[in-house]
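Student: Could you take me through one buried helix in this model, with the cut-offs behind each term, and then set it beside the packing elsewhere?

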Amino acid sequence: MPAAVAFDLAAFQKGIANLVDRLGCAPCFSGADCRFIHERDFVINEKLEIRSFPGASVQLPQDPVPLRPVTATLSGKVGFDLKQIQSVVANIAGRLGCEGCCSGFDIHFRQELNFMINEAGQIRG
Amino acid sequence: MAESYPSLPELGVGITHSALIEPALEQWPDLFDVIEFEPQTSWIETRDGAEPYRASDLVLDHIIKLPGQKLVHSIGVPVGGTVRPQPAQLALLRRTIAKFDAPWVSEHLNFNRTQEFSTGFFLPPRQTLQGVETATTSIRDLQAALPVPIAVETGVNYLRPRPDEMPDGAFVATVTERANCGILLDLHNLFTNSVNGRQSVEEFITQLPLERVWEIHLAGGFEMEGFWLDAHSGAIPDTLLSIAREIVPTLPNLKAIVFELFPSFVPGFGFDGIRTEMEKLHDLWELRSGAPPDKVRIHRAWESGAKIEECASPAIWERALGSLVIGRKPDDEVARELATDPGVAVINHLACEFRASMIVSMLRLTSRLLMLALGPDTFRAMLEEFWSKTPPQLFASSEAEAFAAYLDALDLKVPQLTKILEFERAVMATLMDDSPRVVAFDFDPLPLFRGLAEGRLKEKAGRLGRFEIEVTGDGLLNAPNLGLGPLQQAVPHH
């Protein structure tokens, strides 16, 4: 998983959702374990699509309980719209460094609190 | 003195850069003659003594390709205090200036560090003759280290006016004349100061050497707790725009007008809002006179020789104000007197919100887990205790790492917290050094991750087993196409 993906929650959420669905959390549970046996190692590619890791062994039959390590690796290869790539570069770099010049109020924390609290004023859960 | 002024190109109007505004730059490139870049926002703090900061050539090359001339607006070596610029920052500033071929560089007439700690916020300098000397020395040091002329920005000040300080405009005038530098006239800062009970914009202007003004900043703000905030949150107030229309024709050496919009407010303000403000700036730009300096009427109602009782040196002032702003108890006479100023509490509040925003941005999954498990009020209390024990860090990565260390020390019995925190620290570390890291879990972490991303705590833990996530380092500088722009617009709170 590229750190850039893990760092950005929107992309992270989408990648995780795709992977979880692929692992067997899709609405239809039937066959999930089977898919898991077949594809224990995964790569999330630059389109946030899930693929089998090229080097992962595919052997049948195997223990249906996943006891061996499962590694999910997101590919960091670039190959798409340059404009969007550049936006990601600047956005992530901009969040790691100094806060920009502002003598006011950063609403980021307030937005996060608002996201976590529902219409009834209660914490999600 | 006109002959001593540098010959600078006339650039036009523009905006401060953030990645979030780039679709507007792409859509209306002709509206932006200038893009003002704050280089430290994109630096990585390496924690390596030999090379404490790293700047990405990819980021700089990307900025160069954006429309308009690039200006460098430094935010890391303010010139209003006793702490001298860090050599490592100066080297990167020189590199940025050279890359952009920037005709001048601007910095703030504030301080953000004392000899002991960072303040996490730009604070007003000591406006006395000693303060003038301090700032003048600092500007000269910075000027000597940089290859282009410097303009200093007129700052915001939430404190009450003091009888032992020079008027705001007179202080700026005296400093810039002695240091022989330019002025970045931040009109929203002056407007904010005026609304909050300090010097009026009109009086400030009468005290200023107008021929030194090379650049104007304009922005919007909002009211909070009885104070107008320099929040860079949206549209320029109509009153301020009217004032600007009167001032612009009096500035013979005006070279650029820049609109400031803080990234957090971009999704709410929208690209059409940006376009509207840029059109206002273009109209304003047409009002400049270009009159030579000797034909401009310059008022200086205040003379630097006026008597002022200086009860605190700049260093004492910085320590007292800085200590209060980072939440320490007043421990000397100056701090006790300053603590009675309601503006100090406002600054403390604003500085804490910036710190909290850095933490939830960098450690979002951890923050959500804590809020879900312990409640937002408890999370806020933890932040406040952290702030009371740990001074602010200038870089978001360091602030988050300090909070992570604080959480480690607390040893909270929150299920999965240790692993979530380990994962997010690995992500941060990999973003900073590009080295891959593997985080091992003894449960399937994906349901937990998914729940936190959705703002929910899963009732059932993921299945047991050994799972690993490898965080790879080719994400930051060669980031894949994730379509983050549309995603962020769709889910702006992310």
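Tutor: What follows begins with one helix and then turns to the cores and to a buried loop residue.

This is a predicted model, in which local features need pLDDT of at least 70 and side-chain atom pairs count only at pLDDT 80 or more, whereas totals for chains, interfaces and linings use all residues. Residues are numbered from 1 along each chain as its sequence is written, chains are lettered from A and ligands numbered from 1 in the order in which they are written, and side-chain values use heavy atoms, with hydrogens and water left out.

The helix is H17 of chain B, residues 446-453, where helices (H or I, at least four residues) and strands (E, at least two) are DSSP runs numbered from the N terminus. Eight of its eight residues are buried, so H17(B) is largely enclosed by the rest of the structure; buried means under 20% relative accessible area, exposed over 50%, and partly exposed in between, with a 1.4 Å probe and protein chains only. Among these buried residues are B:Leu446, B:Phe449, B:Arg450 and B:Leu452. After H17(B) comes B:Gly455, with a positive phi near 80°.

The axis of H17(B) comes within 9 Å of that of helix H13 (residues 364-374) of chain B, and the two cross at roughly 80°; axes are lines fitted to C-alpha atoms, for helices over the stretch in contact, and angles run from 0 to 180 degrees between N-to-C directions. The two helices H13(B) and H17(B) are therefore roughly perpendicular to each other, a term for angles of 65 to 115 degrees, while those under 35 count as roughly parallel, those over 145 as roughly antiparallel and the rest as oblique. On the H13(B) side, B:Leu365, B:Arg368, B:Leu369 and B:Leu372 meet B:Phe449, B:Leu452 and B:Ala453 of H17(B), contact meaning heavy atoms within 4.5 Å.

Elsewhere, the largest nonpolar core has 112 residues, and B:Leu185, B:Ile216, B:Leu218 and B:Ile257 have the most contacts inside it; such a core is a set of buried Ala, Val, Leu, Ile, Met, Phe, Trp, Tyr and Cys residues joined through side-chain atoms within 4.5 Å. Domain 1 (12-295) and domain 2 (354-478) of chain B both give residues to this core, so it lies between them, the bounds coming from an automatic or database domain assignment. Apart from it lies another core, of 61 residues, including A:Phe115 and B:Leu369.

Finally, B:Gln40 sits in the loop between strands S2 (34-37) and S3 (44-45) of chain B, and counts as buried at 0% relative accessibility.
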